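Me: I should like a close look at the buried and packed parts of this chain, with the contacts of each set out in order. Please answer in one connected account.

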Amino acid sequence: MSNRPLLGCIADDFTGATDLANTLVRNGMRTVQTIGVPVGTVDADAVVVALKSRTIPADDAVAQSLAALEWLRAQGCRQFVFKYCSTFDSTDAGNIGPVAEALLGALGSDFTIACPAFPENGRTIFRGHLFVADTLLSESGMEHHPLTPMTDANLVRVLQRQSQAPVGLLRYDTVAGGAAAIRARIDALRGQGVKLAIADAISDADLLALGEGCAALPLITGGSGIALGLPENFRRAGLLPVRDNAAEVPAVAGPGVVLAGSASRATNGQVARWIAQGRPAMRIDPLRLARQDGVVDEALALAAQHDDPVLIYATAQPDEVKAVQAELGVARAGELVEHALASIASGLKARGTRRFVVAGGETSGAVVQALGVQSLRIGRQIAPGVPATVTLDDAPLALALKSGNFGGEDFFDEALRALGAAA
């Protein structure tokens, strides 16, 4: 078997990349996640290039994604995935539609699906509408997201506002008919000039059917769930052996820390749980950061005072977030928090911290860059969508990069334990 990767993936944020890599590892593909477009080659079955492109201008997101695609094609990848959040985080200006259309053009293809469904974490799509558990996306709390407020649950409408070509729907009754029905519907949509189609999925069985039905598409777009059926396609073709060691990574000893920048409901609950247990914690106040009030030094001093891991967080309730944004502006408030948490991570690494649990996609991107991480080997799952990861360095770091809404109330403790145990 060749060591050249079969599947090349482009993710629009760092936790999303880890989420996708986790899905691939659980389904038997040795997977490496790179931080940005790397230099050289990678020994893996699948490679996930993690970009920080979800909320940047669409033209920049397109340029970064095309650069990642060029590198992945040079590695010999046979199929490609564009991964975005399972809550379809975007604005009317993009970036999902513009990036997907640009990747299609670069690959010389004329059709792909868009399916952010992740049933294991409560994200399902029915008749084009995205649900978070039993609630429409637009009523799930995502309507309050500080950067990408999602106020419309109809993904066909959302994607059409971002796209130039007509957007269609691969409806549930077709998906339930299996791979042959899916292929027939794709042909029909192509005949109507549709280039992007939202695909319904309410179960893992639907995602497996979509994976088989889309085996011939050069590009597939969606959340991490859309990758469930892709490894089996390569096994059917005799290109991927059955592996029972895809998730092996070394244990990493040493001090740990939790850094939380997400304002999601799940992360708020995790922070509250940590504090209720009397664990050491410090809240990062963006208004203090704007005054250059010594917050980073204070956080480093707190960590030095405790043998146990500390929690440094900027997590807040929606009304608190809005009040800060009203005073500082949305972009500046976010940048101040990301820069502070990244600086704290860098300072802690210099003092010997080896295990990092990070909550929030933008926060994870800032922290990983500050730590100088270039690539990660993906280990076993800690919680749905969140694996343990270890850097490919002589002095490895262990990281758990968590999308804001993932994990149960005790996730921070579970992740710290998992990062210190052999996967």
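Reply: In what follows, contact means that heavy atoms lie within 4.5 Å of each other. The model is predicted.

By that criterion, Asn 154 touches Gly 128 and His 129, when residues up to four places away in sequence are not counted. Asn 154 belongs to the loop that runs between strand S8 (135-136) and helix H4 (155-162). Is this loop residue buried or exposed? Since buried means under 20% relative accessible area, Asn 154 is buried because its relative accessible area is 12%.

A second buried position is found in a helix. Gly 365 is located in helix H14 (residues 361-370), and it counts as buried because its relative accessibility is 0%. The contacts of Gly 365 include Phe 14 and Lys 52, once neighbours within four places in sequence are left aside. The C-alpha atom of Gly 365 is also 9.9 Å from that of Ser 53, although 312 residues separate the two along the chain.

Helix H7 (residues 204-213) offers a group of buried residues, namely Asp 206, Leu 207, Ala 209, Leu 210, Gly 211 and Gly 213. Which elements cover them? Among the strands are S5 (112-115), S9 (167-170) and S10 (196-199). The covering helices include H5 (172-175), H6 (179-191) and H8 (230-236).

The account now turns to a region named in a record. An unreviewed UniProt entry annotates residues 257-412 as "domain: Four-carbon acid sugar kinase nucleotide binding". Over this stretch the chain is 46% helix and 23% strand, and its end C-alpha atoms are 9 Å apart.

A helix pair may then be examined in detail. The axes of helix H11 (residues 295-305) and helix H13 (residues 330-350) come within 9 Å, crossing at roughly 40 degrees. H11 and H13 are therefore oblique to each other, and their crossing is right-handed. From H11, the residues Val 296, Ala 299, Leu 300 and Ala 303 take part in the contact. They meet Ala 340, Ser 343, Ile 344, Gly 347 and Leu 348 of H13. By class, the contact of H11 with H13 comprises seven nonpolar residues and two polar ones, with no charged residues. The spacing of such positions has a general background: an α-helix has 3.6 residues a turn, so residues three or four places apart point the same way.

Methods. Residues are numbered from 1 along each chain as its sequence is written. This is a predicted model: local features need pLDDT of at least 70, side-chain atom pairs count only at pLDDT 80 or more; totals for chains, interfaces and linings use all residues. Side-chain values use heavy atoms; hydrogens and water are left out. UniProt positions are given in the numbering used here, feature names are shortened, and annotations may be inferred rather than shown by experiment. Helices (H or I, at least four residues) and strands (E, at least two) are DSSP runs, numbered from the N terminus. Buried means under 20% relative accessible area, exposed over 50%, partly exposed in between (1.4 Å probe, protein chains only). Axes are lines fitted to C-alpha atoms, for helices over the stretch in contact, and angles run from 0 to 180 degrees between N-to-C directions. Angles under 35 degrees count as roughly parallel, over 145 as roughly antiparallel, 65 to 115 as roughly perpendicular and the rest as oblique. A crossing is left-handed if the near helix is turned anticlockwise from the far one by less than a right angle, and right-handed if clockwise. Ala, Val, Leu, Ile, Met, Phe, Trp, Tyr, Cys and Pro count as nonpolar, Asp, Glu, Lys and Arg as charged, and the others, Gly among them, as polar.
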